[in-house]
Amino acid sequence: MKEEEESTEFYNGILVPGFVNSHCHIELSHLKGVFQKGTGMAGFIRQINMLRESVSKEERIAALEREMDTLYSAGVSAMADISNCEESFETKSKSKIYTRTFLEVFGSEPEIALEVMDGVVALTALAKEYGIDAAPTPHSCYTMSPGLLEASSAKALEAGWLSYHNQESWEEEELIMSGTGPLAQSYRSRSLSMPPVTGSSALLYFLERLANIGGVNEQNVLLVHNTFTNEQSVKAAKEVIKNLYWAICPLSNLFIHNALPPLSLLMREQATITLGTDSLSSNNLLSMVDEIKCIHKYFPTIELKDILEWSSYNGAKFLGKENTLGSFEKGKEPGVVLIDNIDWQKMQLTEQSKSVRLV
Ligand SMILES: [Zn+2]
């Protein structure tokens with residue numbers, strides 16, 4: 001009996017299954033604390049172009065290794081991670097976190113589409129050598145020629161998974177809707193090609209591209225951000241994509257746009273929501289618990305049990321890992337995470353709450 005008492009530990013908090021971070025760019029970890037906030041999308045792109053290679057490759061790899069370790073200790077068991085190059089492959093191949101890597105492409109000029117696709121096919125082969133799950137994916141409507149958007153979407157669907165930055169900014173909506181606004185101005189001033197002006201929302205434009213390549217069947221599609229989505233877009237996407245997921249990254253949206261996604265709309269439409277941290281170029285920390293706190297702050301009526309489903313089970317389902325991760329069930333090994341400092345009355349996390357992996 002005594003022995004048992006000595007080996008029993010007591011915690012004050014809740015136990016949750018390991019988190020699934022459904023949107024990250026771990027290779028941007030060296031940009032922690034570097035970017036200016038509230039710049040909007042055009043300003044964000046300017047900073048990324050300027051600062052992406054501001055430190056050496058060794059420092060970039062050291063930073064992403066550090067962040068992967070922190071994510072694991074704080075309870076992340078799986079991650080959908082965006083890569084534009086190979087710098088994170090080795091770390092991911094050794095990490096205890098399961099990652100599916102989305103090899104993201106962009107390129108506004110139609111004539112470079114083939115070259116970009118050749119590059120990402122080679123990168124996919126390299127990822128396979130490291131033994132990580134990886135396939136090409138398109139970046140967004142506003143950084144790609146229609147041809148490249150279609151070609152990379154086709155490759156993503158061939159692999160079974162597509163992750164796409166959707167309606168992240170009002171600038172993007174304006175660009176597609178009317179060919180105006182800061183993104184359009186920036187493209188014109190740099191003499192870059194722009195996507196076609198359609199008079200409707202950016203998501204409808206993307207759905208048209210998907211229809212052009214034969215549509216979506218059983219593949220898992222993740223729309224990321226959705227900050228400026230609307231009812232018409234959500235309904236249209238639901239109609240044509242069966243296995244559809246909506247990733248939200250609230251702290252990143254506040255960082256860049258000082259805006260948040262319409263969660264009540266998404267919930268009303270019964271969207272399958274997942275939670276992501278995005279990268280350290282647009283977030284102070286990669287912390288699922290901080291994202292949950294942010295949702296509590298701005299959407300206090302959303303129940304913790306719903307948010308926890310977004311942060312574990314739904315992400316696992318998107319990754320096709322719901323049989324092993326995402327919930328406490330017999331036969332699964334999702335990881336066990338303690339979240340402390342709970343406000344039991346409101347059944348919410350508090351400012352002091354932290355997460356720590358126990359198993
Ligand atoms: Zn992103």
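A residue is called partly exposed here when its relative accessible area falls between the 20% under which it would be buried and the 50% over which it would be exposed. With that in mind, and remembering that the model on screen is predicted, begin by selecting Arg 52, whose relative accessible area of 22% therefore places it in the partly exposed class.

**Salt bridges**

Keep Arg 52 selected and add Glu 27, because these two residues form a salt bridge in which the closest N and O atoms are 2.6 Å apart. The pair joins distant parts of the chain, with Arg 52 in the loop between α2 (40–51) and α3 (57–73) and Glu 27, 25 residues away, in the loop between β2 (19–24) and α2. While Arg 52 is partly exposed, Glu 27 has a relative accessible area of 2% and is buried. This is one of 16 salt bridges counted in the model.

Next, move to helix α6 (residues 146–159) and select Lys 155 together with Glu 158, which are 3 residues apart, or about one turn of the helix. In an α-helix there are 3.6 residues a turn, so residues three or four places apart point the same way. The salt bridge between Glu 158 and Lys 155 has its closest N and O atoms 3.6 Å apart. Glu 158 counts as exposed at 63% relative accessibility, whereas Lys 155, at 28%, is partly exposed.

Now select Lys 238 and Glu 269, a salt bridge whose closest N and O atoms lie 3.1 Å apart. Here again distant parts of the chain are linked, since Lys 238 belongs to helix α10 (residues 231–240) and Glu 269 to the loop between α12 (263–268) and β9 (272–275), 31 residues apart. Lys 238 is partly exposed at 37% relative accessibility, and Glu 269 is buried at 8%. Extend the selection to Glu 231 and Lys 235, and you will have the four residues that salt bridges with shared partners join into one network: Glu 231, Lys 235, Lys 238 and Glu 269.

**Aromatic rings**

Turn then to the rings, of which the structure holds 5 aromatic pairs. Select Phe 35 and Phe 44, whose ring centres are 5.4 Å apart and whose planes make an angle of 55 degrees, a tilted arrangement; both residues are buried.

For another geometry, select Tyr 164 and Phe 206, where the centres are 3.7 Å apart and the planes are at 10 degrees, so the pair is stacked. These rings link distant parts of the chain, Tyr 164 lying in strand β6 (residues 161–166) and Phe 206 in helix α9 (residues 202–212), 42 residues apart. Tyr 164 and Phe 206 are both buried. Then select Phe 102, Tyr 245 and Phe 318, which together form one aromatic cluster.

**Charges over rings**

Which ring has Arg 100 lying over its face? Select Trp 161 to find out: Arg 100 lies over the face of this residue, at 3.7 Å from the ring centre. A further case is Lys 321, which lies over the face of Tyr 98 at 4.6 Å from the ring centre.

**A covered helix**

Finish at helix α14 (residues 304–311), which is mostly covered, with 6 of its 8 residues buried. To display the buried positions of α14, select Leu 304, Asp 306, Ile 307, Leu 308, Trp 310 and Ser 311.

Conventions
Residues numbered from 1 in each chain as written. Predicted model: local features only at pLDDT ≥ 70, side-chain atom pairs only at ≥ 80, totals over all residues. Heavy atoms only, no water. Salt bridge = Lys/Arg side-chain N within 4 Å of Asp/Glu carboxyl O. Helix = DSSP H or I, 4+ residues; strand = E, 2+ residues; numbered from the N terminus. Buried < 20%, exposed > 50% of the residue type's maximum accessible area, 1.4 Å probe, protein only. Phe/Tyr/Trp six-rings, centres within 6.5 Å; stacked < 30°, edge-to-face > 60°. Lys NZ or Arg CZ within 6 Å of the ring centre and 35° of its normal.
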